[in-house]
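Please look over the overall build, the sheet and the cysteines of the model shown here. The briefing that follows takes these topics in turn.

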Amino acid sequence: MNDHVTYEVQDGVAVLTISHPPVNALSFSVRSGLLEAVERADADPTVRSVLIRAAGRTFPAGADVREFGKPRAKPILSTVVARIETLSKPVVAAVHGTALGGGFEIALGAHYRLAARSARFGLPEVGLGVLPGGGGTQRVPRLVGAGPALDLMLSGKPISAEKARELGLVDVLVDGDLEAEGLVFARNLAEKGDPPRPTRDRREGFADPAAYQAEITARRAKVAGSPIEAPRKIVDCVEAAMLLPFEAGIAMERAAFDDCENSDGARALRHAFFAERRAAKVPELEGASLREVNTIGVVGAGTMGTGIAVVCLDAGIPVTLVERDDAGLIRGVERIDAIYERSVAKGRIDAATRDARMGLLTGTTRMEDLDAVDLVIEAVFEEVSVKEAVFAQLDQVMKPGAILATNTSYLDINALAATISRPQDVVGYHFFSPANIMKLLEIVVADKTDPDVVATGFALARKLRKVPVRAGVTDGFIGNRILAAYRLAADFMLEDGATPAQIDAAMRDYGFPVGPYQVLDIAGLDISWARRKRLAATRNPAHRYVAIGDHLCERGWLGQKTGRGYYLYEAGSRVGTEDPEVLEIIAKERAAKGISPRDFSAEEIQARCLGAMANEGARLLEEGVALRPSDIDVVLLFGYGFPRWRGGPMMAADLRGLVTVESELKSWIKEAPEFWTPAPLWDELIKNGRHFSDLNGD
Ligand code: T1G
Ligand code: NAD
């Protein structure tokens, strides 16, 4: 036994309790403690049955992911699970919380499973680029067959205890005291002389071999195109479960796991898992006292204001929505209502929930009605004068200590804060469109922002089920700064010979859902045009500038909303076709600059776009706008569709090799020195044999 696994015999039942907060991850110490305890129970003559349970908030939520990528200390999990399974006395697992991955596999090693009705069971390993490695690919199919087993392993989504009971993965649901009921159950087994029931010997799931194989064939076709190996390995292992002897299946699972564990995809997905959690750890949390946020005001009921209002209402927070006039207000409330109608129609919520949430919404055209709210989120037009006017009004009406947040995409929040009497209460809450869907929330900290205001923002983000990332003030904060660099790299290639379709296809191949020009047409070309016009006065004339986008906007071609942008759109269609007139405009630009067009391979297009993003990321780190590289990755993963299995631009640079990426940047310097010159951070890391991930702080 050790600090993480205790052993106690109660009336003939050996109670093995796992305790390794916060989620009882199956670290080396837990595995070795568990194996020792199981061995002891088997040898202990006073023991007639065994109960495995966990202390704290959950049964083990899986292997300790922090141990991945390192030499694995023995015993490995499948050894522990096998020892539990082959015990000569019946073993009962009592599950509460989230039994995920290795935790679920421990329970499958037991002969009987009791679960709190609120418990959940899942095999999320695919989300980490691996597969169940503790025997799950061999034991689950034995109980439930190929279909449900592959649902669990390929989706990675947890199921409820009821569903697990229905499938035969759980024997008893418990509403009362789980430990007490577990003890009684284990004691009764001994008294009745019920034998161990090794899962490896179960065959309920193989009752219909033809259906089983048909499921395998169908799923194999579905995962054939997966960018990572794990889904294909999962199907192979589940197939083997019915075709091979148990131990051979286990060996195959082990080999498959080892193949995946250190793949780039798995390393990137592991990085994303911890990056998301690390982003919530910001210096302002230290010693912070959170401000109460029980009521929220939203000013501006347009695209963003309405989405933000829905996010708050979904979290059960009363919202006061302010618009300039009744027409704007009615439009806004109708939009919110429509969002909820769609959710009811799709069965995501029921009518009662819709009514309850709409019941928390108050609409007004009077800014004074915000005098009692704890926090206001401003989402009016992206114009300095309009925002300053609104903040001046808010400064007048809002109570002391209230928080004034702006949803601006680009504007200088320091300048905005300086226009009112309480700059310490001003912060940026940069949501992403559609705000009720996109998980990312950039919390932009201005020079005078009070640390409590920042800390309150991070706590609120959790309540709003958003992924918060801290950003400093600069034009476009983290996400839109990186986006601007990505687009500029693309524009340079457009001018030098590529087409929008080629660039978009290459970035889709890389893993983005859509390419940069498709995104522009979806969001509208006018937003970035407005930014270019705003920056024109301060732009260095020596810097390379691509005017193709301007020429399209000057013609009113603003994207899908105008039926053409970089692509042509049939009325009502969201699928663009190549536009010969756009290609002509591009050709004219080249001719005007004396550029002879050249070909770009998909690989070069991807390397230039990723190089540009990582280089801008390095600059953001040097400027202190981003706290750490993994924050930049989280922003791109949750706000810009960056493929999760690539890890984000900074992780992608690490995986590709900093020397490789830096030398590519250097090879493009002559084309636009101000843009392609590598940030000094590259050299610093390379000469010290370090990577961006070494700057993530843990
Ligand atoms: N390993 C290590 N640390 C973990 C962990 C894990 N499996 N799960 C959570 N943590 C840390 C997390 O980093 C955070 O740390 C703290 O616990 C709280 O987590 C052989 C190969 C369980 C649903 O994929 O989905 O088993 O930031 O903030 O929102 O077949 O954590 O406080 O320092 O997420 O309440 C499979 C992963 C592993 C589950 C709780 N298991 N975890 O969510 O808290 S692979 C998983 C989760 C495996 C075997 C295979 C969630 C949660 P810190 P949290 P939460
Ligand atoms: P929008 O034009 O759709 O909505 C703005 C709304 O503000 C309009 O309904 C307008 O009537 C209202 N408004 C203007 N002045 C007002 C005032 N004085 N009082 C009350 N209401 C007023 O714009 P949007 O796309 O929702 O953008 C709003 C803000 O969010 C901008 O700063 C924008 O940069 C930012 N933003 C937009 C997106 C996006 O994708 N659209 C994403 C992130 C952030």
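A residue is called buried when its relative accessible area is under 20%, exposed when it is over 50%, and partly exposed in between, with a 1.4 Å probe and protein chains only. By that criterion, 56% of the 698 residues of the protein chain count as buried. The model is predicted, with local features requiring pLDDT of at least 70 and side-chain atom pairs counting only at pLDDT 80 or more, while totals for chains, interfaces and linings use all residues. Residues are numbered from 1 along each chain as its sequence is written, chains are lettered from A and ligands numbered from 1 in the order in which they are written, and side-chain values use heavy atoms, leaving out hydrogens and water.

**Overall build**

- The protein chain has a radius of gyration of 29 Å, which agrees with the value near 26 Å for a compact globule of 698 residues (taken over C-alpha atoms, the rule being 2.2 Å times the number of residues to the power 0.38).
- Along its principal axes, the C-alpha trace of the protein chain spans about 85 × 60 × 50 Å.
- Where contacts (heavy atoms within 4.5 Å) link residues at least 6 apart in sequence, 74% of them join residues at least 24 apart.
- About 28,000 Å² of the protein chain is exposed, and carbon and sulfur atoms supply 54% of this area (Shrake-Rupley method with a 1.4 Å probe; for residues, only the protein chains shown count as cover).

**Secondary structure and the sheet**

- The protein chain contains 29 helices and 19 strands, these being DSSP runs numbered from the N terminus (helices H or I, at least four residues; strands E, at least two).
- An open sheet of mixed pairing is formed by six strands in the order S1-S2-S3-S4-S6-S9, where two strands pair if DSSP finds at least two bridges between them.
- Strand S1 (5-10) and strand S9 (172-174) each have a single partner strand and stand at the edges, so one side of each is left without a neighbour in the sheet.
- S1 pairs with strand S2 (residues 13-18) in the antiparallel sense over six bridges, and Thr6 stands opposite Thr17 in S2.

**Cysteines**

- There are zero disulfides in the structure, a disulfide being a pair of cysteine sulfur atoms within 2.5 Å.
- Cys237 is in no disulfide, and the nearest cysteine sulfur, that of Cys260, is 8.7 Å away; Cys237 is buried, with a relative accessible area of 1%.
- The sulfur of Cys553 is too far for a bond, at 19 Å from the closest cysteine sulfur, in Cys609, and Cys553 counts as buried at 4% relative accessibility.
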